[in-house]
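Reader: Hey, I'm new to this one. Can you pull it up so I can ask a few things?
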Amino acid sequence: MLCRQRIGVREGTPGMTTDEMPADITEDTVTDAVVASFAGTADPRLRECLSVLTRHLHAAVRELEPTLAEWDAALAFLTATGQKCDATRQEFVLLSDVLGVSALVENLNHRTSAGATEATVLGPFHLTESPRRELGDTIDELGHGESCVVTGHVRSVDGTPLTGATVDVWQATEDGFYDVQQPGVQPPGNGRGLFTTDDEGRFWFRTVVPAHYPIPVDGPVGTLLAGTGRGPYRPAHVHFIAAAEGHTPVTTHIFVAGSPYLDADAVFAVKRSLVREFAPVDDAAAAERYGVVNPFRHADVDLVLEAG
Ligand code: BEZ
Ligand code: FE
């Protein structure tokens with residue numbers, strides 16, 4: 001049971017008689033009263049956000065008419081979500097993801113022109129510092145899993161290759177875990193790399209074919225998914241953030257064609273344009289050139305950025 005403590009309640013004007021007091025706040029007037037309370041907010045965008053959120057939240061409460069026990073349960077859920085967060089676990093990002101809010105915000109902010117790579121969610125496993133690696137390096141430091149080469153270009157929408165663009169990559173292992181989920185099993189930085197395109201805008205690296213995986217379900221978000229009969233799985237994918245001077249960066253994935261859950265992603269992030277073949281290659285000379293064992297798999301991806 002939550003402790004219902006009244007905090008920050010403003011005092012009435014001292015010495016006011018009941019006749020002089022303003023009318024009671026009722027269920028019909030409370031929304032306008034709260035919105036009016038934000039009138040003095042100096043930042044107009046903050047005022048707008050607080051007002052819109054208040055109106056929509058109150059509308060939901062009016063429609064649902066929660067019991068006090070239900071409202072306590074909602075607050076307990078949000079409290080547990082906050083308490084689950086630490087330096088490597090971001091349960092609020094996960095909540096935003098499974099509610100489709102991350103995908104919606106990403107889509108609203110990237111109404112890209114035709115030809116530019118579509119954006120999709122960042123997810124909770126991006127680290128601000130991926131290890132810098134040379135073109136052709138492997139991001140897989142474990143050495144099991146199916147060898148794979150990823151090649152591509154970073155280009156501007158007009159087709160110009162972008163030299164010196166950064167390509168930040170991160171992915172789960174062939175068992176479906178990120179390094180931060182398996183400390184002591186995976187070395188920090190496994191499955192991650194920060195590359196810089198060459199003078200033809202090219203990048204290439206070695207890795208293993210990632211697997212589909214469940215998002216973490218040992219917290220309140222997992223309880224929400226289980227309680228609603230929803231699955232936790234994401235289709236196999238590799239994450240990218242591509243950035244180049246004079247261009248808008250893109251945060252995206254490539255999805256492995258044929259992966260399970262392409263049609264049932266727990267976080268609503270799949271776009272057809274981002275699905276790529278990870279084609280089997282049996283070519284000893286190519287394997288030697290890339291430094292992988294033959295046969296191997298190969299995915300090619302162009303990351304196309306909008307100028308501006
Ligand atoms: C991910 O792809 O890393 C991810 C995205 C959303 C929720 C959990 C994981
Ligand atoms: Fe992922």
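Reader: Which helix and which strand each supply at least two residues of the shell around ligand 1?
Author: Keep in mind that this is a predicted model. Helix 4 (91–98) and strand 7 (237–243) are the two, each giving at least two shell residues.

Reader: Okay, and which residues are around ligand 1?
Author: From the lower numbers, you have Leu 94, Asp 97, Gly 123, Pro 124 and Phe 125, among others. Further along the chain come Tyr 178, Tyr 213, Ile 215, Arg 234, His 237, His 239 and Val 267.

Reader: How do the residues of that shell divide into nonpolar, polar and charged?
Author: Seven are nonpolar, three are polar and two are charged.

Reader: Which polar side-chain atom lies 2.7 Å from an oxygen atom of ligand 1?
Author: That one belongs to Tyr 213. His 239 also has a polar side-chain atom by a ligand 1 oxygen, at 2.9 Å. For Tyr 178, an N or O atom of the side chain is 3.3 Å from an oxygen atom of ligand 1.

Reader: How much of the accessible area of ligand 1 does the protein cover?
Author: On its own, ligand 1 has 270 Å² of accessible area, and the protein covers 100% of that.

Reader: Where does ligand 1 sit, then?
Author: In the largest cavity.

Reader: Switching topic: what domains does the domain assignment give for the chain?
Author: Domain 1 spans 2–65, and domain 2 spans 92–305. Helix 4, one of the elements supplying the ligand shell, runs 91–98.

Reader: How far apart are the C-alpha centres of domain 1 and domain 2?
Author: They lie 45 Å apart.

Reader: What about the backbone? Which residues does a cis peptide bond join?
Author: Asn 294 and Pro 295, with omega at about -5 degrees. You'll find Pro 295 in the loop between helix 7 (284–290) and strand 11 (296–305).

Reader: And what's phi of Glu 65, positive or negative?
Author: Positive, near 45 degrees, and Glu 65 is a residue other than glycine.

Reader: Where does Glu 65 lie?
Author: In the loop that links helix 2 (44–64) and helix 3 (68–83).

How values were computed
Residues numbered from 1 in each chain as written. Chains lettered and ligands numbered in written order. Predicted model: local features only at pLDDT ≥ 70, side-chain atom pairs only at ≥ 80, totals over all residues. Heavy atoms only, no water. Near = heavy atom within 4 Å. Polar contact = N/O pair within 3.5 Å; in protein donor to acceptor, adjacent residues only side chain to side chain. Areas by Shrake-Rupley, 256 points an atom, 1.4 Å probe, with all protein chains shown as cover. 1 Å grid on protein atoms, 1.4 Å probe; cavity = no way out; pocket = protein on both sides within 12 Å on 5 of 7 lines; lining within 4 Å. Sits in = over half its atoms within 2 Å of the grid points. Helix = DSSP H or I, 4+ residues; strand = E, 2+ residues; numbered from the N terminus. Nonpolar A, V, L, I, M, F, W, Y, C, P; charged D, E, K, R; others polar. Domains from an automatic or database assignment.
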